[in-house]
Amino acid sequence: MKAGKSLLSFGVVVLTIGAMTISARGEAKPGDKPVQLELYVMSHCPFGTQAENAIFPAIKSLGKAAELKLHFIAKDVALPAPAVGSPVPASTTSSASFSSMHGPEEVLEDMRHLCAMRQYPKQYMDFILERNTNIKNPDWQSAAKKVGIDPAKIEACVSSEEGARLMSDSIKA
């Protein structure tokens with residue numbers, strides 16, 4: 001727990017220093033590079049949700065002066081190849097599956113967050129913050145609708161090659 005709080009504190013300090021630098025120089029000017037912060041979380045991890053809850057409002061308040069790269073922590077586990085001569089099931093959309101510390105529901109939630117980030121770049125933080133109020137609740141669709149995200153689009157992304165690719169890319173970062 002102490003390590004989690006230390007890491008969160010470090011992230012907030014880095015973001016604060018970046019914000020102070022921008023404030024000291026005045027408004028961010030066109031061409032200024034935004035302060036970059038990379039955050040690595042698991043959607044069902046209490047430390048990850050605390051980090052998001054602390055950092056997202058700061059990132060939003062800084063506007064274009066700050067850029068967040070959100071990554072998820074999981075394992076990419078290749079599925080076994082079909083035996084020689086065996087047909088490949090038509091329903092297989094990806095050659096990868098994923099596992100995460102908090103189980104398969106966390107993997108799905110991570111993928112929902114990634115799909116929201118891709119399809120709704122202006123609303124994804126609000127979606128994640130809303131989910132963080134009760135992350136274990138399986139009714140993620142209500143949180144999506146509350147912030148103007150179409151749950152059908154998110155579900156289509158999660159169950160597609162795009163969802164698998166987003167997850168794979170995120171955990172390799």
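**Exercise 1. Find what the buried side of α4 packs against, and say which residues do the packing.**

Solution. Start with the partners: the buried residues of α4 pack against α2, β2, α3 and α5. Keep in mind throughout that this is a predicted model.

Next, list the residues. In α4, the buried ones are Y124, M125, F127, I128, R131 and N132. Now look down the axis: these residues cover an arc of only 160 degrees, which puts them on the same side of α4. The general helix rule helps here: an α-helix has 3.6 residues a turn, so residues three or four places apart point the same way.

**Exercise 2. Take F127 and work out its surroundings.**

Solution. First, place the residue: F127 sits in helix α4, which runs over residues 124-132.

Second, is F127 buried or exposed? Its relative accessibility is 0%, and the cut-off for buried is under 20%, so F127 counts as buried.

Third, collect the contacts. Setting aside residues up to four places away in sequence, F127 touches E109, R112, H113, A116, W140, A143, A144, V147 and I149. Some of these can be put into helices: α3 spans residues 104-119, and α5 spans 140-146.

Finally, try a distance to K146. The two residues are 19 apart in sequence, and their C-alpha atoms are 8.1 Å apart in space.

**Exercise 3. Locate the aromatic pair and classify its geometry.**

Solution. How many aromatic pairs are there to find? The count comes to one. The partners are F56 and Y124, with 6.3 Å from centre to centre and 75 degrees between the planes. Planes over 60 degrees apart count as edge-to-face, and that is the class of the F56 and Y124 pair.

Then check where the rings come from. F56 belongs to helix α2 (residues 46-62) and Y124 to helix α4, so to speak two distant parts of the chain, 68 residues apart.

Last, look at burial. F56 has a relative accessible area of 0% and is buried; Y124, with 9%, is buried too.

**Exercise 4. Track down the disulfide, give its handedness and say what it ties together.**

Solution. The structure holds one disulfide, and its partners are C115 and C157, with 2.1 Å from S to S. The link spans distant parts of the chain: C115 lies in helix α3 and C157 in helix α6 (residues 151-158), 42 residues apart.

For handedness, turn to the torsion about the S-S bond. That torsion is about -75 degrees, so the disulfide of C115 and C157 is left-handed.

Now for accessibility. C115 counts as buried at 0% relative accessibility, and C157 counts as buried at 2%. C45 is a further cysteine to look up: it is buried, with a relative accessible area of 11%.

**Exercise 5. Stay with α6: describe its buried face and its N-terminal end.**

Solution. Which residues of α6 are buried? They are P151, I154, C157 and V158. Seen down the helix axis, these buried residues fall within an arc of 125 degrees, so they line one face of α6. What covers them includes α3, α5 and α7 (161-172).

At the N-terminal end, look for a cap. D150 does the job: one of its side-chain oxygens lies 3.0 Å from the backbone nitrogen of A152.

**Exercise 6. Explain how H71 in β2 is placed, and find its polar partner.**

Solution. H71 is in strand β2, residues 66-72. Its relative accessible area is 11%, which makes H71 buried. The polar partner is E38, with a side-chain to side-chain contact at 3.1 Å. Beyond neighbours within four places in sequence, H71 is in contact with E38, L39, Y40, V41, S170 and A173.

**Exercise 7. Step back and sum up the chain as a whole.**

Solution. Begin with the elements: the protein chain has seven helices and four strands, in the sequence order α-β-α-β-β-β-α-α-α-α-α.

Then turn to burial. Of the 173 residues in the chain, 39% are buried. The accessible surface comes to about 10,000 Å², and 61% of this belongs to carbon and sulfur atoms.

Close with the contacts. Among those between residues at least 6 apart in sequence, 68% join residues at least 24 apart.

Definitions and conventions: Residues are numbered from 1 along each chain as its sequence is written. This is a predicted model: local features need pLDDT of at least 70, side-chain atom pairs count only at pLDDT 80 or more; totals for chains, interfaces and linings use all residues. Side-chain values use heavy atoms; hydrogens and water are left out. Buried means under 20% relative accessible area, exposed over 50%, partly exposed in between (1.4 Å probe, protein chains only). Contact means heavy atoms within 4.5 Å. A disulfide is a pair of cysteine sulfur atoms within 2.5 Å. The arc is that of the directions from the helix axis to the C-beta atoms. A polar contact is a pair of N or O atoms within 3.5 Å; within protein, one must be able to donate a hydrogen and the other to accept it, and residues adjacent in sequence count only if both atoms are side-chain atoms. Rings of Phe, Tyr and Trp (its six-membered ring) pair if their centres lie within 6.5 Å; planes under 30 degrees apart count as stacked, over 60 as edge-to-face and the rest as tilted. Accessible areas come from the Shrake-Rupley method with a 1.4 Å probe; for residues, only the protein chains shown count as cover.
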